[in-house]
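Okay, thanks for coming, everyone. I'll put the structure up now, and then we'll walk through a helix, a pocket and a helix pair.

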Amino acid sequence: MHQVTAIVIGAGDRGARAYAPYALDNMHEVKIVGVADPNMERRRSFAEAFGLPESQQYDSWEAILGEKRMADAAIVCTQDRMHYEPTLRALELGYHVLLEKPMSPEPKECVEMELAAKRHNRLLTICHVLRYTPFWTAMKREIERGAIGDIISIQLNENVGNMHMSHSFVRGNWRNSDQSSPMILQKSCHDMDILAYLMNEPCVRLNSFGSLMHFHEGNKPEGAPARCIEGCPAEAGCQYHAPRYYLGEGIGWARKITDDYTKEGIVKALWEGPYGKCVYQTDNNVVDHQVVNMEFASGATAMFSMCGFTHDNTRIVQVMGTKGDIRGNMEDDGFVIHDFVTKEERTIKVHTPETGHGGGDSGIVRAFLQEVRSFGQSGSAGESLSSASVSVRSHLMAFAAEKSRLNGGQAIDLQAMYDELAGQPSA
């Protein structure tokens, strides 16, 4: 088996903990030969884990993507608004690229990256990891074999979980769309993509509603300080009290707020960083709930609901077809198929690996490496399961949903939106 070489651009949570570790467990498949990150501690920690000398450590994407290509593939895991330039440069140099989602917060940049991959005849695979999980793979297989006939409608709920919501989208990196992306794109482009994956046909129009209803200063408890650790009179009745959470049941999340995992290090981060702030007094502006209604080419419909006020962190789905329906919850590692004709009820249980996103993180890396090796043998790019061409369409569903939400639920035509971005005249 040909060992693929790869560089990692962005050694944060997704780069260092989600995708790169595959190389440690599968050294015969891939070798990491370079890392770029402006944070010296993260860079050195990554280099130590992967045995990289000083000469293979870089403080910027510009430095690692110099004049010559140094590997077969580039894994780009920078922040959302830093995807575009390194991706274009990597493609230009001849790298195959595995790009963390979302592609970009700018619709036009997404389309330009898709076209650049085609122009340079390189793979550009987007990390829509749910497509690579046993749960969604098994469901797709049952739909394709005709287990429920033709799909009429799908309902998909994303239960974000109240503490995940407060950590990532109120206090964390994705709290403000001006700095990262709208919630429907950053968190729920996974869901737009899974709906497109199950339907296997274009979404033609949609509309959306949602708002930031709870996490704002209007709901601040009386006398609440800017930081929970300063002493809050509402501490006993607030589930979001930062010291109680990050030093207690949420201590596993501490690795995301500081590089010093001692209790002293966590306390320091709560005093100095964004994760210690009162959830009602941050600069967050992304929605805490949103719904999207979609119509697909055949006339089939889908309804998606994202909500940050749930006790669990999972996705719940119902796929309704002409001959049966499917109901599943990702937390249950399985789903139930009901046959309208035989009245039979069949339960499909899947084995979920321990890696992140229900096995999707390792699954997409494995598939990407196979595609890189096959590309070398065949000499043609082809389309991966989550190629840029595929992903742009589901990204546009998210962009259209946000546009609709901001315009009072106006219906948005997806093809017209794509044609405008790609510079093509509408039919």
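So, right after α10 comes N200, and its phi is positive, near 60°. Bear in mind that this is a predicted model.

Now back up into the helix itself. How many of the 11 residues of α10 are buried? It's 10 of them, across residues 189-199, so the helix is largely enclosed by the rest of the structure. Among the buried ones are C189, H190, D191 and M192 at the start of the list, and Y197, L198 and M199 at the end of it.

Next, the second largest pocket. There's about 360 Å³ of space in there. It has 16 lining residues, and the closest to the centre are A196, E201, P202, V390 and R393. Which elements supply at least two lining residues each? That would be α10, β8 (203-211), α14 (388-406) and α15 (414-422). Of these, α14 gives the most to the lining, with four residues. If you care about the chemistry, the lining splits into 10 nonpolar, two polar and four charged residues.

Last stop: α15 again, this time with α6, which is residues 107-119. These two helices pack at an angle of about 70°, and their axes are 9 Å apart. They're therefore roughly perpendicular to each other. By class, that contact has five nonpolar residues, two charged and no polar ones. And who meets whom? On the α6 side you have P107, K108, V111 and E114, and on the α15 side Y418, L421 and A422.

That's my tour, happy to take questions.

Technical notes
Residues are numbered from 1 along each chain as its sequence is written. This is a predicted model: local features need pLDDT of at least 70, side-chain atom pairs count only at pLDDT 80 or more; totals for chains, interfaces and linings use all residues. Side-chain values use heavy atoms; hydrogens and water are left out. Buried means under 20% relative accessible area, exposed over 50%, partly exposed in between (1.4 Å probe, protein chains only). On a 1 Å grid over the protein atoms alone, a cavity is a set of points where a 1.4 Å probe fits but cannot get out, and a pocket is an open set with protein on both sides within 12 Å along at least five of seven lines; lining residues have an atom within 4 Å of a point. Grid points are joined across faces, edges and corners, and a volume is the space filled by probe spheres set on the points. Ala, Val, Leu, Ile, Met, Phe, Trp, Tyr, Cys and Pro count as nonpolar, Asp, Glu, Lys and Arg as charged, and the others, Gly among them, as polar. Axes are lines fitted to C-alpha atoms, for helices over the stretch in contact, and angles run from 0 to 180 degrees between N-to-C directions. Angles under 35 degrees count as roughly parallel, over 145 as roughly antiparallel, 65 to 115 as roughly perpendicular and the rest as oblique. Contact means heavy atoms within 4.5 Å.
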